[in-house]
Amino acid sequence: MENSYEETIDKRRVHLRPDTLRDPAPASLHLLPCEVPVNRPTPVGRFFTPAIRMGRDGLEASFRGRSLRGEEVVVPPGFVGYVVTEEKAEVLMGKQDDHERQEQELLEPPEALERDCDRFMGATASFSSFTVWGLESIPGPDAKLRGALSWPSLAAAIHAQVPED
Amino acid sequence: MARGADGGDGASVWQHVFLLPEYLKDDSKKMKSGLVFVKLANPCSGEGTIYLFNMCLPQLFEIKVFKEKNHSWFINESVQSGGLLHFATPVDPLFLLLHYLIKADKESFQGKFQPLDQVVMDDMFPDCILLLKLPELEKLLQHVTEEKEVDKKKYYKYSKEKTLKWLGKKVNQTMAALKTNKVNVSARVQSTAFFSGGQVSSDKDEDYVRYAHGLISDYIPKQLSDDLSKYLKLPEPPASVRNPPSKKAKLSDEPVMAKEDYTKFNSKDFKTVKKNSKMTAAQKALAKVDKSGMKSIDSFFGTKHVKKK
């Protein structure tokens, strides 16, 4: 049954709830130049943000004994930043074993917009800028992130309709 | 299937950082549902790739992920590993349709005119039928097909000649954007940042054409990319500067791949993917050149789709 389980997962659509995009609370985001291999609440406001100083060429802070230099980065024009998380599955699905779910798959055509087995995500916060940090030195205009942030305007050109002859 | 690196203790929540077009927010007033992540065949690789589909407009978005090694997020009072930044940008659906038109042409139906709903069929990615809901398909298809109308039903056949002409226009408009954005396209600096501080050290048109060709090649099969190169009369570059860096240096170059579902954005397979996945021509070329600044070439959705026909 292992394979069929994987197929079931494959067919489950993941919805992004549009109404959550409307007015999520603003979030404060920092992109750190180090790996923190956990995902969980952490007292950022107690240990990190209070120590941020405005230095001569940008923001200064320290994390795990290393000196960080940072700067504010705004999201590309026409875009909004969102923090997206998955809604808790049990609330949505009730208790359904895989077998029942598969039967449901068979009953519901792929054209159906929402199926009971689907999963849902929503925006929990939004942002229009964030702080990017470099180790010892400021990320600056050559930071790879800067290039990435110009992607939307390049993508727009790639995907725009071509002019007629 | 533990969701978090810290073992799923209940407090662990994956937070995905996204940049979405602002107008989705305005549309959201009108709709209660209608934004769906779906897996479709990537028009370049044929692999399953996650796209965002807006059922209401309707419109298709691709998702690119920016990832640099050794990064993490602080999001309010929490930490999120990986430091990924997801971009959802509108994609020209004709690239995805082209994948099916070429396939149909190559397979048993060579030379046959077929209705679109018989061309866009896929056991592996059944959501491909959503593509048929997109607006103005007939107009789009004129760029890449010959068509016939019988009893008010349209039949299509892939035309390589028309497709190359269409792709040539795509290259032109991409070149214009590269110039506007002052992207440094010179081969000499190709392994440095994709967008290096507005310094354009080369204004040679050939460099722009090659760079734009590289960007467009991410959306078409390899064979067509080679044909396009000839069509554009691109000279064979020296081996060391074979392919433009395109945004591969920044954004993960395999467009989003999902083994299971896209919420496993940050699977533990991360570090192994690079080894496992087939490198594209551009990646191979990059592998040969200066590797500094290339560290973000990582796939992100785990290994590639296991079931291949």
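Helices (H or I, at least four residues) and strands (E, at least two) are taken here as DSSP runs, numbered from the N terminus. By that count, chain B holds 9 helices and 9 strands. This is a predicted model, in which local features need pLDDT of at least 70 and side-chain atom pairs count only at pLDDT 80 or more, while totals for chains, interfaces and linings use all residues. Residues are numbered from 1 along each chain as its sequence is written, chains are lettered from A and ligands numbered from 1 in the order in which they are written, and side-chain values use heavy atoms, with hydrogens and water left out.

Of the 309 residues in chain B, 61% are buried, a word that stands for under 20% relative accessible area, with exposed meaning over 50% and partly exposed in between (1.4 Å probe, protein chains only). Among contacts in chain B with a separation of 6 or more, 67% are between residues 24 or more positions apart, where contact means heavy atoms within 4.5 Å.

Helix α2 of chain B, residues 93-106, has 14 residues and reaches 20 Å from its first C-alpha to its last, close to the 20 Å expected at 1.5 Å a residue; the expected span is 1.5 Å times one less than the number of residues. Because 12 of its 14 residues are buried, α2(B) is largely enclosed by the rest of the structure. The buried residues include B:P93, B:F95, B:H99, B:Y100 and B:D105.

Just before this helix, B:D92 sits in the loop between β7 (85-90) and α2 of chain B. A side-chain oxygen of B:D92 reaches to within 2.9 Å of the backbone nitrogen of B:L94 at the start of α2(B). B:D92 is itself buried, with a relative accessible area of 0%, and, leaving aside neighbours within four places in sequence, B:D92 is in contact with A:H159, A:A160, A:Q161, B:L140, B:W166 and B:K170. One of these, B:L140, is 48 residues away along the chain, yet its C-alpha is separated from that of B:D92 by 9.3 Å.

A nonpolar core is a set of buried Ala, Val, Leu, Ile, Met, Phe, Trp, Tyr and Cys residues joined through side-chain atoms within 4.5 Å. The largest such core has 79 residues, and those with the most contacts inside it are A:L29, A:F130, A:L145, B:L85, B:F95, B:L131 and B:L178. Its largest share, 9 residues, comes from α2(B). A second, separate core of 19 residues includes B:L24, B:M31, B:L35 and B:I50.

Strands from the two chains also meet in an open sheet of 8 strands, with mixed pairing and the order β4(A)-β6(B)-β5(B)-β3(A)-β10(A)-β7(A)-β6(A)-β5(A). Strands β4 (40-41) and β5 (53-55) of chain A stand at the edges, each with a single partner strand, so one side of each is left without a neighbour in the sheet; two strands pair if DSSP finds at least two bridges between them. At one of these edges, 3 bridges join β5(A) to the antiparallel strand β6(A), residues 58-63, with A:M54 opposite A:L59.

Elsewhere in chain A, A:V80 lies in strand β8, residues 79-86, and counts as buried at 10% relative accessibility. Not counting residues up to four places away in sequence, A:V80 touches A:V75, A:S126, A:F127, B:F18, B:L19, B:L20 and B:E22.

Technical notes. A polar contact is a pair of N or O atoms within 3.5 Å; within protein, one must be able to donate a hydrogen and the other to accept it, and residues adjacent in sequence count only if both atoms are side-chain atoms.
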